[in-house]
Amino acid sequence: HHRAPAVGSQLTAVAWKQVRETGPLALMAIGGVLLITAIFYLSNKRLVGIRDLGEAMAGITTMVGCFVTLVTGIGVFLEDLKPKVDDFWRSRPVNYQIWFGVKFVVGAAILVATFGTLMLFAYFLTDGSILRNKPHPVSTVGFFCLIFLLIYTLSMATYCILRQPLYAAVLTIGLLIGGMFAYQWISYYFFDGLLSGRTGWILLLLSQIVATALAWQAVKRNWQVAAI
């Protein structure tokens with residue numbers, strides 16, 4: 001009867017720690033996107049309409065979102081997997097599955113809420129022309145959020161294995177670019193460039209599942225590239 005409150009308080013502490021680490025970055029990202037968008041509008045207000053403003057905001061949000069999610073993913077376990085800190089965690093009776101899950105979900109939820117809201121606002125400013133064919137706003141914003149989530153998870157996984165932030169960032173970018181080229185190559189040579197939008201969703205979801213499993217196994221089994 002005395003252990004449940006302790007576990008609950010530990011999970012709350014882990015969640016709050018992640019909020020304090022990710023929250024400031026998310027707030028800075030929101031401020032940065034709004035500031036850059038405002039500067040763009042004020043410097044071109046005679047030539048820029050509302051739709052142009054929305055498209056600019058969508059592009060700015062995409063660039064800022066990719067960078068912030070990359071940094072945030074690396075930062076999720078940046079402190080926890082340092083040698084002495086990692087040894088301490090592994091010497092304690094910690095439920096790694098819950099510990100990993102809380103940190104992962106809290107960080108992901110903050111990022112999705114942040115950039116999802118910005119993209120949704122940009123979507124309505126453009127009257128749905130972000131993807132040129134006016135799909136449902138939930139579908140459009142959800143697709144962008146999945147991309148941000150994949151970057152977040154991949155950078156987390158690569159850091160957990162490499163334990164070097166710079167190498168993890170480079171590898172994550174390389175995997176993303178390689179994945180896009182592979183998608184285009186397969187689409188062009190095997191499907192005459194006509195892969196459906198549903199296929200893109202499926203591939204994104206599969207990539208997310210693989211990246212999440214890789215990150216979890218890296219933390220659980222303490223994988224790391226010792227030579228780096």
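In what order do the elements of the protein run, from the N terminus on? They run α-α-α-α-α-α-α. That is 7 helices and 0 strands. Keep in mind that this is a predicted model.

Let me begin with confidence. The average pLDDT of the protein is 82. A score of at least 70 is reached by 82% of the residues. Helix by helix, α2 has the highest confidence, with a mean of 90. The lowest is in α3, where the mean is 69. Then there is the start of the chain. Over residues 1-5, pLDDT stays under 50. The model has 0 contacts for residues 1-5 beyond four places in sequence. Where pLDDT is low, the predicted coordinates should not be read in detail. 

Now the overall numbers. The protein has 228 residues, and 39% of them are buried. Its accessible surface comes to about 13400 Å². Carbon and sulfur atoms account for 70% of that surface. What about contacts along the chain? Take those between residues at least 6 apart in sequence. Of these, 74% join residues at least 24 apart.

On to the salt bridges. How many does the structure hold? It holds 3. Let's walk through them.

Start in helix α1, which covers residues 3-43. Lys-17 and Glu-21 both sit there, 4 residues apart. That spacing is about one turn of the helix. Their side chains meet in a salt bridge, at 2.5 Å from N to O. Are these two residues buried, exposed or partly exposed? Lys-17 has a relative accessible area of 27%, so it is partly exposed. Glu-21 is partly exposed too, because its relative accessible area is 29%.

Next, Lys-17 has another partner. Asp-80 forms a salt bridge with Lys-17. The closest N and O atoms of that pair are 3.9 Å apart. This pair links distant parts of the chain, with the two positions 63 residues apart in numbering. Lys-17 is in helix α1, while Asp-80 is in the loop between α2 (50-75) and α3 (83-91). Why does Asp-80 count as buried? Because its relative accessibility is 4%, and the cut-off for buried is under 20%.

Asp-80 also reaches Lys-103. Their side chains meet in a salt bridge, at 3.2 Å from N to O. Again, distant parts of the chain are linked: Asp-80 in the loop between α2 and α3, and Lys-103 in helix α4 (residues 96-125). These two are 23 residues apart. Lys-103 is buried, with a relative accessible area of 1%.

Put the pieces together. Through shared partners, the salt bridges join Lys-17, Glu-21, Asp-80 and Lys-103 into one network.

Two more residues touch members of that network. One is Gln-18, in helix α1. Its relative accessibility is 1%, so Gln-18 counts as buried. Which residues does Gln-18 touch, not counting those up to four places away in sequence? They are Gly-23, Val-76, Lys-103, Val-106 and Gly-107. Lys-103, you will recall, is in the salt-bridge network.

The other is Val-85, in helix α3. At 35% relative accessibility, Val-85 counts as partly exposed. Leaving out residues up to four places away in sequence, Val-85 touches Glu-79 and Asp-80. A caution on that helix: α3 has the lowest confidence, at a mean of 69.

What about cysteines? A disulfide is a covalent bond between the sulfur atoms of two cysteines. How many does a search of the whole structure find? It finds 0. Look at Cys-145 and Cys-160 all the same. Cys-145 is buried, with a relative accessible area of 9%. Cys-160 counts as buried as well, at 0% relative accessibility.

Last stop, the surface. Which residues form a nonpolar patch there? They are Ile-173, Ile-177, Met-180 and Phe-181. Together they have about 400 Å² of accessible area. Take Phe-181 as one of them. Phe-181 is found in helix α6, which covers residues 165-191. Why does Phe-181 count as exposed? Because its relative accessible area is 55%, and exposed means over 50%.

To recap: 7 helices and 0 strands, one network built from salt bridges, and a nonpolar patch on the surface.

Notes
Residues are numbered from 1 along each chain as its sequence is written. This is a predicted model: local features need pLDDT of at least 70, side-chain atom pairs count only at pLDDT 80 or more; totals for chains, interfaces and linings use all residues. Side-chain values use heavy atoms; hydrogens and water are left out. Patches are made of residues with over 30% relative accessible area and no salt bridge: like charges are joined within 9 Å, nonpolar side chains (Val, Leu, Ile, Met, Phe, Trp, Tyr) within 5 Å. Accessible areas come from the Shrake-Rupley method with a 1.4 Å probe; for residues, only the protein chains shown count as cover. A salt bridge is a side-chain nitrogen of Lys or Arg within 4 Å of a carboxyl oxygen of Asp or Glu. Buried means under 20% relative accessible area, exposed over 50%, partly exposed in between (1.4 Å probe, protein chains only). pLDDT is the predictor's confidence in each residue, from 0 to 100. Contact means heavy atoms within 4.5 Å. A disulfide is a pair of cysteine sulfur atoms within 2.5 Å.
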